[in-house]
Amino acid sequence: MRRARDEEKPPVYRPQNLRIPGPTFVPQTVLSASARPMINHRGPEFAALLAALTRALQDFLRTQGDVFLLTASGSGGMEAAIANTLSSGDKAIVFINGAFGERFFSICKSYGVDARRVDVPLGRPVEPDLVREELAKEKGKDSAKAVLLQHNETSTGVLNPLKEIAEVVRESGKLLVVDSVSGAGACELEIDEWGIDVCVTASQKAWGAPPGIAMITMSDNAWKAYERSNLPKAYFDLATYKTALEKGATPATPAVSVVIALQESLRLMAEEGLEAILRRHRDIARATRRGLAAVNLSLFADEAHASPAVTSFRPPTRVDARNLIRVLRDDYDTIVAGGQGKLEGQLVRVGHMGFVTMTDMVAFFSALELALKDFNQPVEPGQAIAAALRAYAETSTQPGSPGGKGISRAASVARNAARAEAVGSRR
Ligand SMILES: Cc1ncc(COP(=O)(O)O)c(C=O)c1O
């Protein structure tokens, strides 16, 4: 029946509200940057671009250590993290609280790492006490060399308490390898201060650039581990990236257009400022949770560990999440994600990372309210929207709010400019 209705739709362009947890919305200036004429990836222009971009990433990731750009998606970065720091037969502990923890585990296995999995119920965080207990089992010379986990487990919408976990791991002297593919740029992350040895993120997540680049950091300890590591590495050999970076290049041809785009998105982000960005994510995530709760949808992650980047919720009883997602897409041009792996069909995940505004979320809630009505759910018009907006009003991230928790006028003007740009590109 729905198909027949689709066929009757007039062929007009209808902008989508892309609310998946990556790839995220890309502002028009970032898209335009990616369409600039090609440049020589071994020339001075690219060298200057790479140097500036590396410095900007160090600022955002809060590290003085190495940051490399790999032409890969986030999973390539995860593979590089393992291949460059571990050896065959090395033991490693992988904490798993979602699909991306499974991915870390399976990459370890593919490389012959003796990974021990520690499973945490889906929807729950990896607790620092659990990490302490598991590390206590690892004593002696054959003990685990590294701890691997996600910062933000995108598949469940759980933010692991990385700062506290890192403290525990640091005391043990083990290497800490973190997948912050969807966390960095949206959630608090202090690579040097917290003592994270290797951290991976990706251009299409909170960075608001097109997919194609993974970013990876290496601490001094990670380099010591590199020296001992005997796992095969060629394209992802990070020593070749270090040597090339000193010459202002990458070992092989990079995704030049994505590098240029990323520089532009980092420029927009620098104008807003990291603190303001993190606050915006927190405020929007909180408003999103309030909006969902107002229409009796149950949140998958508890409030204390809910991700600032993505919110997962269960569909109403007797509604298959896949159907709700289809109606949101086909009838209301709102693209959200479903559950992954064991959670397939059980969850809806709405992304709010990168260049996202409260207005985007109001549009999401209007689509959701209409879709819920289609499923005969008792929803009053504006019920979720009002709750979300009320929660947002309790915060002061909104443009024009007096004082705005110390956001400078310049930053707020810059943010509004970026926002205007972003809105323009939706037309
Ligand atoms: C936490 C996390 N890790 C790893 C990945 C894999 O990244 P990619 O799809 O870019 O390979 C994702 C992608 O969604 C992610 O969210």
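Reader: What share of the contacts in the protein chain with a separation of 6 or more comes from residues 24 or more positions apart?
Author: In this predicted model, such pairs account for 73% of those contacts. A pair counts as a contact if the two C-beta atoms lie within 7 Å. The chain itself has 16 helices and 14 strands, and buried residues make up 49% of its 427 residues.

Reader: Why is R62 called partly exposed?
Author: Just count C-beta neighbours. Buried takes 20 or more within 10 Å, and exposed takes 12 or fewer. R62 has 17 inside 10 Å, so it counts as partly exposed. You'll find R62 in the loop between α3 and β2.

Reader: And what makes D333 partly exposed?
Author: Try the count again: D333 has 14 other C-beta atoms within 10 Å, so partly exposed is the right label. D333 sits in the loop between α13 (321–332) and β12 (334–335).

Reader: What is unusual about the phi of R62?
Author: Most residues other than glycine have a negative phi. Yet R62 has a positive value, near 55 degrees, and is not a glycine. D333 is another non-glycine with a positive phi, at about 55 degrees.

Reader: What makes the peptide bond from G22 to P23 cis?
Author: Look at omega, which is near 0 degrees for that bond. Most peptide bonds are trans. P23 belongs to the loop between β1 (17–18) and α2 (28–34).

Reader: Which strands are called the edge strands of the seven-stranded sheet, and why?
Author: The order is β2-β10-β9-β8-β5-β3-β4, in an open sheet with mixed pairing. β2 (66–71) and β4 (114–119) each pair on one side only, and they are the edge strands. From one strand to the next, the twist averages 20 degrees. Helix α3 (residues 44–61) packs on this sheet and touches β2, β9 and β10.

Reader: How do you know that β9 and β10 pair, and in which sense?
Author: Two strands pair if there are at least two bridges between them. Strand β9 (residues 198–202) and strand β10 (residues 213–218) have five, and they run antiparallel. Among the partners, T201 matches M215, and C199 matches T217. On the other hand, strand β8 (residues 175–179) pairs with β9 in the parallel sense, over three bridges. There, V178 stands opposite C199.

Reader: Why is β9 called largely enclosed?
Author: Five of its five residues are buried, so the rest of the structure largely encloses β9. That goes for both faces: V198, V200 and A202 on one side, C199 and T201 on the other.

Reader: How do you know that the length of helix α11 agrees with what it should span?
Author: Multiply 1.5 Å by one less than the number of residues. For the 17 residues of α11 (residues 256–272) the expected span is 24 Å, and the end C-alpha atoms are 25 Å apart, so the two agree. Just after α11, G273 takes a positive phi of about 95 degrees.

Reader: How many residues around the ligand are nonpolar, polar or charged?
Author: The shell divides into three nonpolar, eight polar and one charged. Among the surrounding residues are F100, V181 and A202, as well as D179. Val, Phe and Ala count as nonpolar and Asp as charged. Gly counts as polar, and G22 and G74 are also in the shell.

How values were computed. Residues are numbered from 1 along each chain as its sequence is written. This is a predicted model: local features need pLDDT of at least 70, side-chain atom pairs count only at pLDDT 80 or more; totals for chains, interfaces and linings use all residues. Helices (H or I, at least four residues) and strands (E, at least two) are DSSP runs, numbered from the N terminus. Axes are lines fitted to C-alpha atoms, for helices over the stretch in contact, and angles run from 0 to 180 degrees between N-to-C directions. A residue is near a molecule or strand if its C-beta atom, placed from the backbone, lies within 6 Å of it.
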